[in-house]
Amino acid sequence: MAPSVHACPWCYVGKARFEKALAAFPHRDGVEVVHRSFELDPGRAKGDTGLVLPMLMQKYGMSEEQARQGEQRLGENAAAEGLDYRTEGRDHGNTFDMHRLLHFAKEHGRQDELIGLLYRANFAEERSVFADDTRVVELAVEAGLAEAEVRAVLADPERYADEVRADEREAAELGANGVPFFVLDRKYGISGAQPAEVFTQALEQAWGERAPLTTLASADGGDACGPDGCAVPQA
């Protein structure tokens, strides 16, 4: 499970690293990846947007040069994973509606596609995904969702709101107080955009420690069907 927050640059990088490890994992077909919602600034009002560099300076007490250097290092990390990253001119804002839309996309089997497109748009493209809903609608359609249904979800602030809040509560219960945060088999937590090798080790450990299935059989063995057919009831 990887809590998804498309405003988090390390989630952008971490997702790529995890997917690299998963692609090389021999049992990858037996792994189900579930994305969960996590907001960086849940109290922020919709429409309240700003540039990333001034936000970093204010929030972390950085100088402008420190903020620029930090973004440059992020860009280098992204490039190492084959990802584009704009180190200047990006904005940020409330992500709640995007998380609601991702739950809608999940119902239609298009969540991973939409997550990837939101990441790309936010971190690599010039057009803002926060200024209004226009770009988000375009990305959702690109992901394979019907435009009218996308607009209906965005127009109703209550749709999928409970699902987002439930994800956030679950993340808190699992110990995720920041992102990216990965949980394997609800046993192992991995915090941060770790190298792919770390994810590989965690996948191998979690897979190797899976509990074998315990079958609870009735005293008489019970009737069942198998490769040779079904048991015929005897008089």
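Q: How many bridges join strand β5 to strand β6?
A: In this predicted model, strand β5 covers residues 181–184 and strand β6 covers residues 188–191. The two strands run antiparallel, and Tyr-188 in β6 is the bridge partner of Leu-184. The number of bridges joining β5 to β6 is four.

Q: Which residue in the turn between β5 and β6 has a positive phi?
A: β5 and β6 form a hairpin, with three residues between the strands. In that turn, a positive phi of about 55° belongs to Asp-185.

Q: Is Arg-186, in the loop between β5 and β6, buried or exposed?
A: The side chain of Arg-186 meets that of Glu-170 in a salt bridge, 2.7 Å from N to O. Glu-170 lies in helix α8 and Arg-186 in the loop, so the pair ties together parts that are 16 residues apart in sequence. Glu-170 has a relative accessible area of 15% and is buried. With a relative accessible area of 56%, Arg-186 is exposed.

Q: Which residue forms a salt bridge with Arg-36?
A: The closest N and O atoms of the pair are 3.4 Å apart. Arg-36 lies in strand β2 and its partner in helix α8, so the pair ties together parts that are 131 residues apart in sequence. The partner has a relative accessible area of 4%, under the 20% limit, and is therefore buried. The partner of Arg-36 is Asp-167.

Q: What is the relative accessible area of Asp-162?
A: Asp-162 is placed in helix α8, residues 161–173. A negative surface patch is formed by Asp-162 with Glu-107, Asp-156, Glu-158 and Glu-163. Asp-162 is exposed, and its relative accessible area is 61%.

Methods: Residues are numbered from 1 along each chain as its sequence is written. This is a predicted model: local features need pLDDT of at least 70, side-chain atom pairs count only at pLDDT 80 or more; totals for chains, interfaces and linings use all residues. Side-chain values use heavy atoms; hydrogens and water are left out. Two strands pair if DSSP finds at least two bridges between them. Patches are made of residues with over 30% relative accessible area and no salt bridge: like charges are joined within 9 Å, nonpolar side chains (Val, Leu, Ile, Met, Phe, Trp, Tyr) within 5 Å. Accessible areas come from the Shrake-Rupley method with a 1.4 Å probe; for residues, only the protein chains shown count as cover. A salt bridge is a side-chain nitrogen of Lys or Arg within 4 Å of a carboxyl oxygen of Asp or Glu. Lys and Arg count as positive and Asp and Glu as negative; His and the chain ends are not counted. The place of a charge is taken as NZ of Lys, CZ of Arg, CG of Asp or CD of Glu. Buried means under 20% relative accessible area, exposed over 50%, partly exposed in between (1.4 Å probe, protein chains only).
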